[in-house]
Amino acid sequence: MNVRARVKALIKKYRTRDPFEMIQGMNAILVYYPLDDGVRGFYQYYKRNNIIYIDERLSRHEQAFVLAHEIGHMTMHRTANAIFMDTRTQFNTRKYEMQADKFAVELLIPNEIILENWQLTESQLSRLTGYSEELIRLRLQ
């Protein structure tokens, strides 16, 4: 699955990189709710409905990343029930999570930011964008 191509197609279709604007044009329900146990958000496909839950206590910047990540699940893993797989099976969901993280950083960090700041280290790009060094490395791959 080519994550970069999928992101590019969605940006073209919705004419935005902003996940909050993008989700408005998608067939999805966005729910803000105080989530527990370190859960920042999750995607659920239920009775042909796409539902994304986001912890309402997160900053707008964190909510944008979580929403972009969950849009990644929605567009790439629509019917995969990761919550069920995580809690009820031995299936490793790490691959899905990495793809959704890759989707999110591809959406939120445009090529222009990378190209204009080519001389910066991963640590500096991390501080510039507000995303972890691990996510910056994922974006630079």
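Visitor: Where should I start: what share of the contacts in the protein with a separation of 6 or more comes from residues 24 or more positions apart?

Guide: Contact means heavy atoms within 4.5 Å. Here, residues 24 or more positions apart account for 53% of the contacts with a separation of 6 or more. Please keep in mind that this is a predicted model, where local features need pLDDT of at least 70 and side-chain atom pairs count only at pLDDT 80 or more, while totals for chains, interfaces and linings use all residues. Residues are numbered from 1 along each chain as its sequence is written, and side-chain values use heavy atoms, with hydrogens and water left out.

Visitor: How many helices and strands does the protein have?

Guide: Both are DSSP runs numbered from the N terminus: helices are H or I with at least four residues, strands are E with at least two. This protein has eight helices and three strands, in the pattern α-α-β-β-β-α-α-α-α-α-α along the sequence.

Visitor: In what order do the strands of the sheet lie?

Guide: Two strands pair if DSSP finds at least two bridges between them. The three strands form an open sheet in the order β1-β3-β2, with mixed pairing. At its edges are β1 (29-33) and β2 (41-46), each pairing on one side only. β1 and β3 (residues 49-55) run parallel and are joined by five bridges; leucine 30 has isoleucine 52 in β3 as its bridge partner.

Visitor: Which helix packs on the sheet?

Guide: For directions, axes are lines fitted to C-alpha atoms, for helices over the stretch in contact, and angles run from 0 to 180 degrees between N-to-C directions. Helix α3 packs on the sheet and touches β1, β2 and β3, with its direction at about 155° to that of β3. This helix covers residues 60-76.

Visitor: Is α3 mostly covered or mostly uncovered?

Guide: Buried means under 20% relative accessible area, exposed over 50%, and partly exposed in between (1.4 Å probe, protein chains only). In α3, 13 of the 17 residues are buried, so the helix is mostly covered. Across the protein, buried residues make up 41% of the 141 residues.

Visitor: What does histidine 69 contact, leaving aside its neighbours within four places in sequence?

Guide: Histidine 69 lies in α3 and is buried, with a relative accessible area of 7%. Beyond those neighbours, histidine 69 is in contact with Glu97, Ala100, Asp101 and Ala104. A polar contact is a pair of N or O atoms within 3.5 Å; within protein, one must be able to donate a hydrogen and the other to accept it, and residues adjacent in sequence count only if both atoms are side-chain atoms. One such contact, of 2.9 Å, joins the side chains of histidine 69 and glutamate 97.

Technical notes
Expected span 1.5 Å × (residues − 1).
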